[in-house]
Amino acid sequence: MSGIGGLSVHPITAGTSAELRAGTSPSSAGEFIDRVHTTLGQLLGPGEGICLDVCCGTGAHAAPAAALGWTPVGVDLSRGQLRHAGHQLPVVVGDATALPLADASVPAAMCVLASTDVPDYAAVLREVARVLTVPKD
Ligand SMILES: C[S@@+](CC[C@H](N)C(=O)[O-])C[C@H]1O[C@@H](n2cnc3c(N)ncnc32)[C@H](O)[C@@H]1O
């Protein structure tokens, strides 16, 4: 885990080099995505309200977020990806480095398997920090 701008950043890794050596790394796409969703569930936890799916792609993680009680809403640059995602969750075309949302407007966000797709990922994290509501103790 690392932190940027007060956010906790948890890299989701579904197979490590040690697992590869031990022969316990995911052996299929289905197993890989199951492990991603297990990790997502552990990191996100149950909750209510909107969970912004940043760089949502085809919306492959909408179902596990919804199963935790969240209402996933996707944002992605690609209209082609969003044509598929629109069958899974409400979506909006947008740049994750300039999210089309007001400050402190959503209670949760996730960004799965996209950190290597955005050249300035720190800008994405700053935007996520901006739009998240501050938890009240
Ligand atoms: C590898 S895909 C991952 C999609 C999805 N999160 C998943 O795990 O299936 C990366 C996604 O990031 C999107 N993307 C890349 N740069 C972006 C940006 N600046 N703003 C929004 N989406 C972006 C791409 O269009 C693509 O759908």
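Let me begin with one pairing in the middle of things: Cys 51 has Ala 108, in strand 6, as its bridge partner. Please keep in mind throughout that what we are looking at is a predicted model. Two places further along, Asp 53 has its own bridge partner in strand 6, namely Met 110, and altogether 3 bridges join strand 3 to strand 6, the two running parallel.

Before I go on with that strand, here is the overall layout. The protein chain has 137 residues, of which 25% count as buried, and it contains 5 helices and 6 strands. Reading from the N terminus, the order of these elements is β-β-α-α-β-α-β-α-β-β-α. If we take the contacts between residues at least 6 apart in sequence, 52% of them join residues that are at least 24 apart.

Now to the sheet. An open sheet is formed by 4 strands, in the order 5-4-3-6, and the pairing is parallel. Strand 5, residues 91–93, and strand 6 are the edge strands, each of them pairing on one side only, and from one strand to the next the twist averages 25 degrees.

Strand 3 deserves a longer look. On one side, as I said, it pairs with strand 6; it also pairs with strand 4, again in the parallel sense, over 5 bridges. Val 54, for instance, stands opposite Val 75 in strand 4. To get from strand 3 to strand 4 the chain passes through helix 3, and this β-α-β crossover is right-handed. Is strand 3 enclosed by the rest of the structure, or is it open? Because 4 of its 5 residues are buried, strand 3 is largely enclosed by the rest of the structure.

That brings me to the core. The largest nonpolar core has 26 residues, and those with the most contacts inside it are Cys 51, Val 54, Ala 109, Met 110 and Cys 111. At least two residues of this core come from each of strand 3, helix 3, strand 4, helix 4, strand 6 and helix 5. So that we can see what surrounds one of these residues, which residues is Cys 51 in contact with, leaving aside its neighbours within four places in sequence? They are Leu 44, Ala 65, Trp 70, Thr 71, Pro 72, Ala 108, Ala 109 and Met 110, and Ala 108 in that list is the bridge partner I started from.Helix 5, which covers residues 121–131, has four buried residues to show you: Val 124, Leu 125, Glu 127 and Val 128. Seen down the axis of helix 5, these buried residues fall within an arc of 160 degrees, so they line one face of the helix. The general background is that an α-helix has 3.6 residues a turn, so residues three or four places apart point the same way.

Finally, I would like to point out two residues in loops. Ala 104, in the loop between strand 5 and strand 6, has a positive phi of about 50 degrees although it is not a glycine. Is Ala 104 buried or exposed? Ala 104 is exposed, since 12 other C-beta atoms lie within 10 Å. Leu 113, which is not a glycine either, has a positive phi of about 55 degrees, and its place is in the loop between strand 6 and helix 5. With 15 C-beta neighbours inside 10 Å, Leu 113 counts as partly exposed.

Key
Residues are numbered from 1 along each chain as its sequence is written. This is a predicted model: local features need pLDDT of at least 70, side-chain atom pairs count only at pLDDT 80 or more; totals for chains, interfaces and linings use all residues. A residue is buried if 20 or more other C-beta atoms lie within 10 Å of its own, exposed if 12 or fewer, and partly exposed in between; C-beta atoms are placed from the backbone. The arc is that of the directions from the helix axis to the C-beta atoms. A nonpolar core is a set of buried Ala, Val, Leu, Ile, Met, Phe, Trp, Tyr and Cys residues joined through C-beta atoms within 7 Å. Two residues are in contact if their C-beta atoms, placed from the backbone, lie within 7 Å. Two strands pair if DSSP finds at least two bridges between them. Axes are lines fitted to C-alpha atoms, for helices over the stretch in contact, and angles run from 0 to 180 degrees between N-to-C directions. A crossover is right-handed if, with the strands pointing away from the viewer, the path from the first strand over the helix to the second runs clockwise.
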